[in-house]
Amino acid sequence: MNKQSNTYTLIYILVLAAVVGTALAFTSLSLHDRQLENADLDKMSQILASAGIVPEKGQVAADFKKYIIAQEIVDCDGNRVEGDAFNVDVAAQSKLNDCGRQLPVFVCRPDDGSTKYILPVYGSGLWGPIWGYIAIDSDGTTVYGAYFAHQGETPGLGAEIVKPEFRNQFEGKRLIKNGVFMPISVVKAGQKPSGNEDYVDGVSGGTITSKGVGTMLDNCLSPYKSFLNQLSNN
Amino acid sequence: MSEKISLKGALFNPLSKNNPVVVQVLGICSVLAVTAKLEPAIVMGISVIAVLAFSNVIISLIRNTIPTNIRIIVQLVVVAGLVVIVDQLLKAYAYDVSKQLSVFIGLIITNCILMGRLEAFAMANKPLPSFLDGIGNGLGYTVILVIVGFFRELLGSGTLLGYQVVPDSFYEAGYVNNGLMILPPMALIIVACIIWVQRARNKDLQEP
């Protein structure tokens, strides 16, 4: 058979595409459940990490059950609504206007018996999405801890937002000052924000990612305004 | 006997005399991207070894059936398929590593070393030498990644594999991490230094 003929070439590439396609479909299908499980476990450990709880390997699901005592969805007026908080697509919700969103709240009770409210946030960095979880004290105002993750920020620059050096700055910052809700700003080291809100230093060399964190906090925490105000008034 | 020597050559030549990065200057793009820290550099190296070895074997097995005018497309399809499978496997069995490498795994597809080896070696050789050639070139690439990653993380962040190695007393005495090291251009300078050292030692690599 003539290997340079058009018919041979056409049949060859079709067969190749079919074989590779089948192999990929098979891999994807057979690994799908495992991948989903991994993604869920990863999400659980991220949520726990924002409250400073680091489960041991293999203990993630058990610890999540132990420490997260309730999962709720609230609306922009702070009222509870029906739904599965864990599976809310925060990425999609963050693009809606404030009052059209479903806002997940994970209620966490660490070993010291206090109550923390963990709120998911989602935004974009320089190269791709960034996301995180902010744990807030039961007063609805003080940040207890923060966790950030990213898909593909530059290692050593924007990717430094995942480091404790950056995250720990958020501890003790206040979201509500004198009764007014103000998300935390991220500014260049040594500078101050224009308003009098609380602020943290950005990552040097990671300006766009740092700004992304600021925008993300602004966009994703503002809809919780009523919910947090209710907490702080109680 | 002659085959034994060529098998050994296929495996070891790419480590130094015919290194894909510092002699052929291929795959520079990913050397810039993944070497700011040592750990992603190592995992990236291992992934490239796996993809390169297996794609070399597959292409070598079907080399006599490939129509010449679409050979590049066939090579690309095989490489892309393997890379996606590696990515899926990492996601299922080594989720943490896969999270760390994220986009870089996908970028293996565009690594010039792969296309170079498939076109230059696997298309003309039997599966076993092709397999060894893939491993050898993958190792040659990994060695350079690790050297560059080592210096960039050490000088840029004062850590190795995330552990601090520069003692606190250095910082107290006024030592400052070189922030320039974590920027991509410094990878080129380190690669250039490696090329310099290597050509100084191997006179036959020097161009007149």
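**Reasoning through a two-chain model**

Biologist: How do you know that the length of helix H5 of chain A agrees with its number of residues?

Modeller: Helix H5 of chain A runs over residues 207-221, and its 15 residues, at 1.5 Å a residue, should span 21 Å. The multiplication uses one less than the number of residues, and since the end C-alpha atoms are 21 Å apart, the expected span and the span in the model agree. Please keep in mind that this is a predicted model.

Biologist: Which residues of H5(A) are called buried?

Modeller: The buried residues of H5(A) include A:Thr209, A:Ser210, A:Gly212, A:Val213 and A:Gly214, and further along the helix A:Met216, A:Leu217, A:Cys220 and A:Leu221 are buried as well.

Biologist: Why is A:Glu82 called exposed rather than buried?

Modeller: A residue counts as exposed when its relative accessible area is over 50%, and A:Glu82 has 76%, so it is exposed. A:Glu82 sits in the loop between strand S2 (80-81) and helix H3 (90-93) of chain A, and once its neighbours within four places in sequence are left aside, A:Glu82 is in contact with A:Ile73 and A:Gln102.

Biologist: What makes A:Gln46 count as buried or exposed?

Modeller: The cut-off for buried is under 20% relative accessible area, and A:Gln46, at 4%, therefore counts as buried. A:Gln46 lies in helix H1 of chain A, where it touches A:Trp131, A:Tyr133, A:Tyr147, A:Ala149 and B:Lys99, not counting residues up to four places away in sequence.

Biologist: What makes the link between the side chains of A:Gln46 and A:Trp131 a polar contact?

Modeller: The atoms of such a pair must be within 3.5 Å, and the side chains of A:Gln46 and A:Trp131 are joined at 2.9 Å.

Biologist: Why is the pair A:Lys116 and A:Asp137 called a salt bridge?

Modeller: The rule asks for a Lys or Arg side-chain nitrogen within 4 Å of a carboxyl oxygen of Asp or Glu, and here the N to O distance is 2.7 Å. The pair links distant parts of the chain, with A:Lys116 in strand S4 (residues 116-124) and A:Asp137 in strand S5 (residues 129-137) of chain A, 21 residues apart. A:Lys116 has a relative accessible area of 6%, so it is buried.

Biologist: How many salt bridges does this rule give over all chains, and how many between chain A and chain B?

Modeller: The count comes to nine over all chains, and between chain A and chain B it is one.

Biologist: How do you know that A:Glu160 and B:Lys37 form a salt bridge?

Modeller: Their side chains meet at 3.4 Å, N to O, against a limit of 4 Å. The pair crosses between chains, from A:Glu160 in the loop between strand S6 (143-150) and helix H4 (164-167) of chain A to B:Lys37 in the loop between helix H2 (28-34) and helix H3 (38-61) of chain B. At 15% relative accessibility B:Lys37 is under the 20% cut-off, so it counts as buried.

Biologist: What else describes the place where chain A and chain B touch?

Modeller: In chain A, 26 residues are in contact with 26 residues of chain B. The two chains bury about 2400 Å² between them, 63% of it on carbon and sulfur atoms, and in chain A the residues A:Tyr12, A:Gln35 and A:Pro155 lose the most area to chain B, together 21% of what that side buries. Eight residue pairs are in polar contact between the chains, both residues at pLDDT 80 or more, and helix H1 (residues 6-50) gives the largest share of the side of chain A that touches chain B, 16 residues. By class, that side has eleven nonpolar, ten polar and five charged residues.

Biologist: What makes B:Asp133 and B:Arg117 a salt bridge?

Modeller: Their closest N and O atoms are 2.9 Å apart, which is within 4 Å. The pair joins helix H8 (residues 127-157), which holds B:Asp133, to helix H7 (residues 112-120), which holds B:Arg117, both in chain B and 16 residues apart. B:Asp133, at 2%, is buried, and B:Arg117, at 12%, counts as buried too.

Biologist: Why is B:Asn111 said to cap the N-terminal end of H7(B)?

Modeller: A side-chain oxygen of B:Asn111 lies 3.0 Å from the backbone nitrogen of B:Ile113, within the 3.5 Å allowed for a polar contact. The buried residues of H7(B) are B:Ile113, B:Leu114, B:Met115, B:Arg117 and B:Leu118, and what covers them includes H3, helix H4 (71-93) and H8 of chain B.

Terms used
Residues numbered from 1 in each chain as written. Chains lettered and ligands numbered in written order. Predicted model: local features only at pLDDT ≥ 70, side-chain atom pairs only at ≥ 80, totals over all residues. Heavy atoms only, no water. Contact = heavy atoms within 4.5 Å. Buried area = accessible area lost by both parts, 1.4 Å probe. Polar contact = N/O pair within 3.5 Å; in protein donor to acceptor, adjacent residues only side chain to side chain. Helix = DSSP H or I, 4+ residues; strand = E, 2+ residues; numbered from the N terminus. Nonpolar A, V, L, I, M, F, W, Y, C, P; charged D, E, K, R; others polar. Buried < 20%, exposed > 50% of the residue type's maximum accessible area, 1.4 Å probe, protein only.
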